[in-house]
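Please open the model in a viewer and keep the selection panel at hand. The tour proceeds from regions of confidence to the whole chain, and then to individual side chains.

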Amino acid sequence: MTQQEFKELFDLHFARVRNYVFYRSGDTEIATDIAQETFMKVWEKNGSLNADRIKSLLFKIANDLFISYYRKEQRSFQFFKHYRPGNESRSPEDELAFEQLKSRYDKALQAMPELQRTVFLMSRVENLKYTEIAEMCRISVKAVEKRMKKALEHLQVNLKTNE
């Protein structure tokens, strides 16, 4: 693989690999580090790569690196930590309701099993199709559908207001 081919591979897939790890870890720095390490490993393998399977190889390497990291340090998931929707003339009541909903959403995501959370975020945030998610996670489309269904049920139960 030439430097130019590697650069094209990096430019094409880096963001998705980083997002995949981010959805699993909840930390952008960790996700970036693992994504960079993934591409370093690909560069080291240089001659022994099958061009048809490079995308799945990237996600497999990233997954293995994340598992290794996760075993060393268990971190809590803090998605939307800095998320702020537009503040165009929202009342204090609306702001309070939003903060409460955001808090319940964060807690629901943290409590959601990792496999369901990964599929949910890849679908809803990354706007990936189930077939793409299945390929990246190395599972069947049916497994993606089942995890997504369970994730939505989990959110539905955990986001209900107690009124």
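Over which residues does pLDDT stay under 50? Select residues 74-82: pLDDT stays under 50 over this segment, for which the model nevertheless has 22 contacts beyond four places in sequence. Where pLDDT is low, the predicted coordinates should not be read in detail. The whole structure is a predicted model. Its protein chain averages a pLDDT of 80, and 83% of the residues score at least 70.

**The whole chain**

Select the protein chain next and display it as a cartoon. Seven helices and zero strands appear, so that the order from the N terminus reads α-α-α-α-α-α-α.

Switch to a surface representation. The protein chain exposes about 10400 Å², of which carbon and sulfur atoms supply 49%. Of its 163 residues, 34% count as buried. If contacts are drawn between residues at least 6 apart in sequence, 64% of them join residues at least 24 apart.

**Helix α3**

The salt-bridge count comes to six; three of these are visited here, beginning with one in helix α3. Select residues 54-72, which make up helix α3, and show the side chains of Lys60 and Asp64. These two residues form a salt bridge, with the closest N and O atoms 3.1 Å apart. Side chains of opposite charge can pair when their charged atoms come close. Here the placement along the helix matters to the reading: because Asp64 and Lys60 are four residues apart in helix α3, about one helical turn separates them. Both ends of the pair are partly exposed, Asp64 with a relative accessible area of 34% and Lys60 with 33%.

**Helix α7**

Move on to residues 141-158, helix α7. Which residue does Glu145 meet in a salt bridge? The partner is Lys142, at 3.6 Å from N to O. The two residues lie three apart in helix α7, about one turn. Glu145 counts as partly exposed at 33% relative accessibility, whereas Lys142 counts as exposed at 63%.

Further along helix α7, select Lys149 and Glu153, which are four residues apart, again about one turn of the helix. Their side chains meet in a salt bridge of 3.1 Å, N to O. Glu153 is partly exposed, at 35% relative accessibility, while Lys149 is exposed, with a relative accessible area of 52%. The cut-off for exposed is over 50%, which Lys149 passes with its 52%.

Definitions and conventions
Residues are numbered from 1 along each chain as its sequence is written. Side-chain values use heavy atoms; hydrogens and water are left out. pLDDT is the predictor's confidence in each residue, from 0 to 100. Contact means heavy atoms within 4.5 Å. Buried means under 20% relative accessible area, exposed over 50%, partly exposed in between (1.4 Å probe, protein chains only). Accessible areas come from the Shrake-Rupley method with a 1.4 Å probe; for residues, only the protein chains shown count as cover. A salt bridge is a side-chain nitrogen of Lys or Arg within 4 Å of a carboxyl oxygen of Asp or Glu.
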